[in-house]
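I sat down with this one to see how its strands, turns and charged pairs fit together. Here are my notes, in the order I looked things up.

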Amino acid sequence: MAFVRLSGVSYLDPELAYDSYVLFTGADGTTRLIDLNGTVVHEWPYAGVPPRILDPELNGGRIGDIGVQLSDSDDARGGIYANGTIGQLDWNGERVWEWGAQAPGGAARQNHDWELLPNGNRLILTTVPRVVPGLGDHTVGDQGLYEVTPDGQIVWQWLAGDHLDEFGFSEAGWKALRQAVARDPDDPWGYLEMNSAKSLGPNRWHVEDSDSVFHPDNVLISFRKANIIALIDKASGGIAWKLGPYYDAEFGAQHQRINVHKVPRPVDQTSGQHNPHMIAPGLPGEGHILVFDNQGGAGYPAAPLGIYAGSRVLEIDPATAEIVWQYTAEDSGLPSWTFFSSFVSNAQRLPNGNTLITEGMQGRLFQVTPDGDVVWEYHSPFQGYGVAGEPEVKQTRVPGVDRLTRTALVYRSQAVPFDWVPPSTPREPLRAIGIEAGSRP
């Protein structure tokens with residue numbers, strides 16, 4: 001018998017939810033903009049990894065432009081090697097900018113993240129096949145960053161493999177890392193799996209002429225397989241600040257998350273985290289780092305995790321390395337395992353203090369208050385065989401799944417302000433859903 005799950009909006013409290021559009025790529029490879037009622041108000045026949053509607057202030061006042069992947073590479077390894085070109089489309093789907101053919105190797109190989117910078121350049125997370133010193137003589141998928149000008153020139157680059165000595169691996173960690181590379185040098189997701197890169201931008205830790213490590217140009221990155229969050233000094237290329245890969249086991253592996261809710265407290269073991277970024281000025285929690293801590297298997301050597309699978313969202317004060325706010329399923333009065341995505345996913349702070357969360361492995365998008373109350377919940381009905389938005393026709397398999405299977409996976413979502421898109425975009429009043437029936441998530 002076929003398994004049928006609830007799709008679309010299952011709960012909406014119009015009085016407590018922050019109203020915006022929400023952008024995401026479905027597992028069918030199409031990028032859609034929805035309202036909180038679940039209505040698709042616009043779509044593009046491309047996947048984004050991630051898709052992102054551009055801030056008009058960074059885009060010359062243009063509204064409705066979006067960044068997506070435009071073509072595939074011919075690299076049979078797939079995964080982080082699969083992208084040929086990325087680009088910018090206008091609201092009607094016309095190409096405004098495209099890059100990749102002029103990249104080293106003739107393909108962008110963009111994966112996991114990208115950003116339009118204030119100077120008009122783009123920061124692109126990319127894969128560079130090469131031999132990495134210290135990891136053997138195999139060609140591996142090293143990951144790094146390119147800053148690319150509007151005319152396609154690379155004016156700054158950074159490669160993770162040049163900085164391995166700065167990441168703090170133990171002797172056992174180095175051994176595990178080298179063994180992993182030797183065992184699978186063609187790993188389609190990379191030996192570190194760098195899964196996000198975001199410039200800090202203006203922030204409360206930095207003032208003109210200060211020597212703070214939190215310079216607006218510096219770039220916050222994440223290595224999913226290594227359990228590392230690090231800040232790149234843009235000027236020198238060195239690591240200016242870091243969390244992980246190891247943490248004191250003060251609370252014990254089985255209970256380091258489940259039974260500890262007091263905040264503030266020191267950051268404890270993250271594992272397989274995604275999308276750490278600094279909360280922008282003007283938003284509640286500005287200057288703190290928001291991160292989706294998957295608590296999925298990761299680490300060199302593997303991190304000790306609790307026996308109760310569950311993910312969490314952490315808000316971290318970077319000056320003290322303390323957790324100052326967190327969300328787990330228990331904050332919604334539910335068992336920890338009801339909120340879990342061992343890979344993909346993200347979180348975004350909203351202007352009213354709520355947080356938009358992508359529980360990506362489940363295709364679930366939801367919004368929580370600072371107290372952990374779920375005030376909007378949506379299950380993507382758009383299924384396919386893709387991973388992180390790769391189109392179904394490519395028959396790309398989900399990591400860890402041996403046979404081709406359907407999924408509703410969503411890599412990331414983005415809350416999009418109404419004034420970032422054309423005013424003619426449909427916008428309906430929010431409708432209360434699930435409240436009368438007492439079906440609060």
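**Entry 1: strand 23 and its partners**

I began with strand 23 (residues 355-359): 5 of its 5 residues are buried, so the strand is largely enclosed by the rest of the structure. A reminder to myself that this is a predicted model.

Next I asked which way the side chains of strand 23 point. Thr355, Ile357 and Glu359 go one way, Leu356 and Thr358 go the other, and all of them are buried. I recalled that side chains in a regular strand alternate between the two faces of the sheet.

Which strands pair with strand 23? On one hand I found strand 22 (residues 346-349), antiparallel to strand 23 over 4 bridges. Here Ala347 sits opposite Ile357. On the other hand there is strand 24 (residues 364-368), also antiparallel to strand 23, over 5 bridges. In that pairing Thr355 has Val368 as its bridge partner.

I then checked the turns. The hairpin of strand 22 and strand 23 has 5 residues between the strands, and Gly353 takes a positive phi near 95° there. The hairpin of strand 23 and strand 24 has 4 residues between them, and in its turn Gly363 has a positive phi of about 65°.

**Entry 2: salt bridges**

How many salt bridges does the structure hold? I noted 19, and I followed three pairs by hand.

The Glu315 and Arg349 pair leads on from strand 22. The closest N and O atoms of this salt bridge are 2.9 Å apart. The pair links distant parts of the chain, with Glu315 in strand 20 and Arg349 in strand 22, 34 residues apart. Is Glu315 buried or exposed? Glu315 counts as buried because its relative accessibility is 6%, under the 20% cut-off. Arg349 is buried as well, with a relative accessible area of 7%.

Next I looked at Asp293 and Arg312, whose side chains meet in a salt bridge at 2.6 Å, N to O. Asp293 belongs to strand 19 and Arg312 to strand 20, so to speak two distant parts of the chain, 19 residues apart, are linked by this pair. Asp293 is buried, at a relative accessible area of 0%, and Arg312 is buried at 0% too. I also saw that Asp293 and Arg312 belong to a network of salt bridges with Arg265 and Asp268.

My third pair was Lys234 and Glu147, with the closest N and O atoms 2.8 Å apart. Lys234 lies in the loop between strand 15 (228-232) and strand 16, and Glu147 in strand 11 (residues 139-148), so this salt bridge ties together parts that are 87 residues apart in sequence. Both Lys234 and Glu147 are buried.

**Entry 3: backbone oddities**

I went looking for cis peptide bonds. One joins Gly244 and Pro245, with omega about 5°. Pro245 is in the loop between strand 16 (239-243) and strand 17 (265-266). Another runs from Tyr300 to Pro301, with omega near -10°, and Pro301 falls in the loop between strand 19 and strand 20.

Then I turned to positive phi values outside glycine. Gln295 has phi near 55° and sits in the loop between strand 19 and strand 20. Gln295 counts as buried because its relative accessibility is 8%. Arg109 has a positive phi of about 50° and lies in the loop between strand 8 (95-99) and strand 9 (110-116). At 14% relative accessibility, Arg109 counts as buried.

**Entry 4: around Thr85**

What does the side chain of Thr85 make a polar contact with? I found the side chain of Glu98, at 2.7 Å. Thr85 lies in strand 7 (residues 83-89) and is buried, with a relative accessible area of 10%. Beyond its neighbours within four places in sequence, Thr85 touches a set of residues including Gln69, Leu70, Ser71, Trp99 and Ala108.

**Entry 5: out at the surface**

Last, I looked for nonpolar surface. Ile307, Tyr308 and Trp337 make a nonpolar surface patch of about 350 Å². Tyr308 is in the loop between strand 19 (289-293) and strand 20 (312-317), and at 38% relative accessibility Tyr308 counts as partly exposed.

Methods
Residues are numbered from 1 along each chain as its sequence is written. This is a predicted model: local features need pLDDT of at least 70, side-chain atom pairs count only at pLDDT 80 or more; totals for chains, interfaces and linings use all residues. Side-chain values use heavy atoms; hydrogens and water are left out. Patches are made of residues with over 30% relative accessible area and no salt bridge: like charges are joined within 9 Å, nonpolar side chains (Val, Leu, Ile, Met, Phe, Trp, Tyr) within 5 Å. Accessible areas come from the Shrake-Rupley method with a 1.4 Å probe; for residues, only the protein chains shown count as cover. A salt bridge is a side-chain nitrogen of Lys or Arg within 4 Å of a carboxyl oxygen of Asp or Glu. Buried means under 20% relative accessible area, exposed over 50%, partly exposed in between (1.4 Å probe, protein chains only). A polar contact is a pair of N or O atoms within 3.5 Å; within protein, one must be able to donate a hydrogen and the other to accept it, and residues adjacent in sequence count only if both atoms are side-chain atoms. Contact means heavy atoms within 4.5 Å. Two strands pair if DSSP finds at least two bridges between them.
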